[in-house]
Amino acid sequence: PYILTHNRKINSGKVIDQVVNDIKITINNLEKEGIDKRRIVIDPGFGFNKSIEQNIELHNNFTSEKFNNFPILIVKFLKLRLCIDLKIFIKTYFDC
C-alpha cells in the first residue's frame, strides 16, 4: 500500500476542505506517476501541522465519503496525542 499522509500547514478556511483538496491533488499526481489508486490509503494527518482547534475541526467534519471512500488510516498514537491535547484545550479554555 501507499500511505498518503496529509502534513501540510493549514492556511485558512475550513480545515476539512483544505485537507481533502490537498489529498485529491496528490492522488492525481500519484496516478500520473503510475501509482494504482487501489494501493492508496489516506491518513488525514491528525496532529501534523495542525493546531488543536484545527484537529478538532478536522475530526468533527471527517467522513470517508469526503475522501472518495479510500481506505483510511488513523495512527493510534496520534489519537492518544489528540486526546491529550483535547484535555489540555478543555482544561485551558473551559476551566474544568
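A residue counts as buried when its relative accessible area is under 20%, as exposed when that area is over 50%, and as partly exposed in between. That yardstick comes in handy throughout this tour of a predicted model. Take D22, for instance: its relative accessibility is 10%, so D22 counts as buried. Across the protein chain, which has 96 residues, buried residues make up 32%. The accessible surface adds up to about 6,500 Å², and carbon and sulfur atoms hold 54% of that surface.

As for the overall layout, the protein chain has 3 helices and 2 strands. Walking along the sequence, these elements come in the order β-α-β-α-α. Strand 1 covers residues 2-5 and strand 2 covers residues 40-43, and the two pair up in the parallel sense through 4 bridges. Within this pairing, I3 has V41 of strand 2 as its bridge partner. Helix 1, made of residues 15-32, joins strand 1 and strand 2 in a right-handed β-α-β unit. Contacts that span long stretches of sequence are well represented too: taking the contacts between residues at least 6 apart in sequence, 72% join residues at least 24 apart.

Next come the charged pairs. The structure contains 2 salt bridges. One of them links R8 with D22, with 3.6 Å between the closest N and O atoms. Here R8 sits in the loop between strand 1 and helix 1 while D22 sits in helix 1, so the salt bridge ties together parts that are 14 residues apart in sequence. The two partners differ in their surroundings: R8 has 40% relative accessibility and so counts as partly exposed, whereas D22, at 10%, is buried. T26 belongs to this part of the picture as well, being another residue of helix 1. Apart from neighbours within four places in sequence, T26 is in contact with L4 and R8. With a relative accessible area of 18%, T26 is buried; the cut-off for that label is under 20%.

The other salt bridge brings D36 together with R38, and its closest N and O atoms are 2.6 Å apart. D36 is partly exposed, at 30% relative accessibility. R38, on the other hand, is exposed, with a relative accessible area of 72%.

What about the aromatic rings? A search of the whole structure turns up 2 aromatic pairs. In the pair made by F46 and F62, the ring centres are 6.1 Å apart and the planes meet at 55 degrees, so this pair is tilted. F46 lies in the loop between strand 2 and helix 2 (52-60), and F62 lies in the loop between helix 2 and helix 3 (76-94), so the pair ties together parts that are 16 residues apart in sequence. The rings of F62 and F67 make a tilted pair too, with centres 5.4 Å apart and planes at 40 degrees. Put together, the ring pairs link F46, F62 and F67 into a cluster. Two members of this cluster can be placed by their accessibility: F46 is buried, with a relative accessible area of 6%, and F67 is buried at 3% relative accessibility.

I72 offers a link between the ring cluster and the strands. This residue is in the loop between helix 2 and helix 3 and is partly exposed, at 30% relative accessibility. Residues up to four places away in sequence aside, I72 touches V41, I42, P44, F62, S64 and F67. Two of the cluster's members, F62 and F67, are thus among the contacts of I72, and so is V41, the bridge partner of I3. As for I3 itself, its C-alpha atom is separated from that of I72 by 9.2 Å, although the two residues are 69 residues apart along the chain.

Finally, a couple of backbone details deserve a look. Most residues other than glycine have a negative phi. N49 goes the other way, with a positive phi of about 55 degrees although it is not a glycine. N49 is found in the loop between strand 2 and helix 2 and is partly exposed, with a relative accessible area of 48%. N68 also has a positive phi, near 55 degrees, and is likewise a residue other than glycine. The place of N68 is in the loop between helix 2 and helix 3, and its relative accessible area of 52% makes N68 exposed.

Key. Residues numbered from 1 in each chain as written. Predicted model: local features only at pLDDT ≥ 70, side-chain atom pairs only at ≥ 80, totals over all residues. Heavy atoms only, no water. Pairing = 2+ DSSP bridges. Right-handed = clockwise from strand over helix to strand, strands pointing away. Salt bridge = Lys/Arg side-chain N within 4 Å of Asp/Glu carboxyl O. Buried < 20%, exposed > 50% of the residue type's maximum accessible area, 1.4 Å probe, protein only. Contact = heavy atoms within 4.5 Å. Areas by Shrake-Rupley, 256 points an atom, 1.4 Å probe, with all protein chains shown as cover. Phe/Tyr/Trp six-rings, centres within 6.5 Å; stacked < 30°, edge-to-face > 60°.
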